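Hello,

Here is the structure we talked about handing over. Please have a look, then read my notes below.

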Amino acid sequence: MKSIADLEKIREAALERVNLRSDRQGIRIVVGMATCGIAAGARPVMMSFLDEIKKRGIEHVVVTQTGCIGACQYEPIVEVYDGDEKTTYIEMTVDKAKRVVLEHIVNGNIVDGYTIGSYKK
Amino acid sequence: MELFRSHVLVCAGTGCTSSASLKIIEEFEKQLEENNLEKEVKIVQTGCFGLCEAGPVVIVYPEGAFYSHIKVEDVKRITEEHLLKGRVVTDLLYKDAVIENQVRDIDEVDFYKKQKRIALRNCGLINPEDIEEYIAFDGYKALAKVLTEMKPEEVIEIIKESKLRGRGGGGFPAGLKWEFAAKAEGDEKYVACNADEGDPGAFMDRSVLEGDPHVIVEAMTIAGYAIGANKGYVYIRAEYPIAVKRLQLAIDDAKRMGLLGEKIFNTGFDFDLEIRLGAGAFVCGEETALINSIEGKRGMPRPRPPFPANKGIWNKPTLLNNVETYANIPQIILNGPEWFKSIGTETSKGTKVFALGGKINNTGLVEIPMGTTLREVIYEIGGGIPGGKEFKAVQTGGPSGGCIPAEHIDTPIDYDNLIELGSMMGSGGMIVMDEDNCMVDIARFFLDFTVDESCGKCPPCRIGTKRMLEILDKITEGNGTMEDIDNLERLAKNIKAASLCGLGQTAPNPVLSTLQYFREEYEAHVLEHRCPAGACKALSNYYILETCKGCGICMKACPVEAISGERKQVHVIDLDVCIKCGECMAKCPFDAIVRR
Ligand SMILES: Cc1cc2nc3c(=O)[nH]c(=O)nc-3n(C[C@H](O)[C@H](O)[C@H](O)COP(=O)(O)O)c2cc1C
């Protein structure tokens, strides 16, 4: 890294990649993969997303990991960024992940029953 | 075993069967045969999926297509389109009833609305293993600014101006510490990060390292520039393997991109970072013990002064800050001290991360502006106490802190207010307690921890805390005397005054604060041999109430046959036989058994 200009270049390129908000076709699936998430089963959930997306040959979707979102009792948590819209899915499982791919990613219908708002104590 | 490329699951639960799932199965069998698919596709009858209102339900694997409200006529289409041609029949897929105003984004939930994320800003947002994502969210921009536009004194001035205080427990002004380290004489200096995080139940530092490791790399490099150090150590406990792995990756990536190493940003500044693993002893979080441990010695504290800023690692001037303290630095540089100062209270600026746990609905990690009240954290962010129980106290500061009772729930959280209440901020554990928690038992729990974790170097801590624990054991078993309570207090004061390090100096706090606010609970144990919360096993018994229906379930559940009674008559427990296992209470369908 030689200069601020270099950093700025990387920043812009990376932002383009990360920030799909400007590019309405892209969907970004982010799986919480801190210790808590992993302990709650985030790894198979992430694999399930990757598998499903590969199996279905879906393009314009990125699956990635992130750190602790802070809401432990909801783990595994998965957030789907689609355009301006963010959906937080909670207590995810391998099967729920498959269904989210099918319903949300393929069909464009948010699976309300899995979202944060449907949590019952 | 036969292999099938596809499985069709048809719900044969009562609900779906009554809505014709058996006919659907028959139709599938017919369709598969007609299409010669019976060797490739298997039909499975399953139990209830729990979505009876959507029945009959059919699921096709491997895709997991979830078809609902399937009629016999639909089977042909599913077979021909999906099973034969591999195209999901989208119009037959299950759709959730659209719930009006359904909250779909976690940011809209009360849990997040009152939070303000500075230290945790990237956690849950970026991929921690991708340096470019960190850069995309302004990562390393503060470092670039510092190295190319600012003098070291200017950096220190900004940190001082911001009034940032250490987040590791003590709350010492960070800027001052940086200044001491910068001014200290020494040919070599070090920057160190305390990621030991020994408080039971605390996990904010781990979350920062796992979710945003580059922020620590960046902040420590900035600190190195400010105080004139070229080398840094991060001390992490080995029990945090994911944090260790991600931090190491971050260090490697930063080196690869020239953000660590020699001539960073083409300036004359070199900086390198190394991870040191701890074995997870609480005392190793104490700064002088931590320094010993980094040097490869046994993790025991030494007297201060000299402070690490003058004599730290290898006796060289060393700046030691906590993970969360560092996590604030880049944002302060980028947004300015005025911005940071605008958040928080008079004496405590910015935010604090808490690990919220105990008797609370929303357990988790919360970052709140200083000055948020305990009530807001517990009821608005935390969602209150489960089961409609009554809030009794909140414990902050872990084994060094204390219990704050309900009457102080409207206190704004900051360093000074918590100390005034006999507790402390600590590193950010926050344990909520309800009416079922016995305060003597809580004090005992923390004392038990400190006795375990005392390094043994100084007698007040090694012997004194052990004596306190013995007295607490005696009281919770119902054998305490009033003199014991006085002795507890005397011991507590002496241990606080005479211990070598912060561990012993704060170890009596859980006892002192519970004595201050819940003395009558101690006295009930001693004078009445009674635990008011019903938590101390030795002092409580199980009783069957008049509302008993005489069903006999408890009698069957009791492993020692302590319960007797005629059918349909109120049963009784023979207290001499009862072993207090609680099975009867757990099994009673009428809530007619209590412990008190
Ligand atoms: C027994 C004991 C345990 C401690 N454990 C930690 C710890 O786990 N993490 C931490 O940052 N500070 C811990 N501290 C405080 C450190 O000694 C030191 O004050 C702190 O790391 C300084 O960083 P700060 O000024 O950024 O808060 C502990 C102190 C004592 C006495």
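**A buried threonine in chain B**

B:Thr345 is buried, because its relative accessible area is 16%, under the 20% cut-off. Keep in mind that this is a predicted model. B:Thr345 sits in the loop between α14 (337–341) and β9 (351–358) of chain B. Leaving aside residues up to four places away in sequence, B:Thr345 touches B:Met370, B:Gly371 and B:Asp414. With B:Asp414 there is also a side-chain polar contact, at 2.9 Å.

**Helix α13 of chain B**

Helix α13 of chain B spans residues 323–335. The helix is mostly covered, with 11 of its 13 residues buried. The buried run includes B:Val323, B:Glu324, B:Thr325 and B:Tyr326. B:Ala327, B:Asn328, B:Ile329 and B:Pro330 are buried as well. So are B:Gln331, B:Ile332 and B:Ile333.

Both ends of α13(B) deserve a look. At the N-terminal end, B:Asn322 acts as the cap. One of its side-chain oxygens lies 2.7 Å from the backbone nitrogen of B:Glu324. Just after the helix comes B:Gly336, with a positive phi of about 90 degrees.

**A loop residue in chain A**

A:Tyr74 lies in the loop between β2 and β3 of chain A. Buried or exposed? A:Tyr74 counts as buried, because its relative accessibility is 5%. Its C-alpha atom is 5.2 Å from that of A:Ile90, and the two residues are 16 apart along the chain.

**Where chains A and B meet**

Chain A and chain B bury about 4700 Å² between them. Carbon and sulfur atoms account for 52% of that area. The contact takes 53 residues from chain A and 62 residues from chain B.

How many salt bridges are there between chain A and chain B? The count is two. A:Arg11 and B:Asp138 form a salt bridge, with their closest N and O atoms 3.3 Å apart. Across the interface, 14 residue pairs are in polar contact.

On the side of chain A that touches chain B, these elements give two or more residues: α1 (4–18), α2 (35–39), α3 (42–55), β2 (61–66), β3 (78–82), β4 (85–89) and α4 (94–106). The largest share comes from α1(A), with eight residues. By class, this side of chain A has 22 nonpolar, 16 polar and 15 charged residues.

Best wishes

Note on methods:
Residues numbered from 1 in each chain as written. Chains lettered and ligands numbered in written order. Predicted model: local features only at pLDDT ≥ 70, side-chain atom pairs only at ≥ 80, totals over all residues. Heavy atoms only, no water. Buried < 20%, exposed > 50% of the residue type's maximum accessible area, 1.4 Å probe, protein only. Helix = DSSP H or I, 4+ residues; strand = E, 2+ residues; numbered from the N terminus. Polar contact = N/O pair within 3.5 Å; in protein donor to acceptor, adjacent residues only side chain to side chain. Contact = heavy atoms within 4.5 Å. Buried area = accessible area lost by both parts, 1.4 Å probe. Salt bridge = Lys/Arg side-chain N within 4 Å of Asp/Glu carboxyl O. Nonpolar A, V, L, I, M, F, W, Y, C, P; charged D, E, K, R; others polar.
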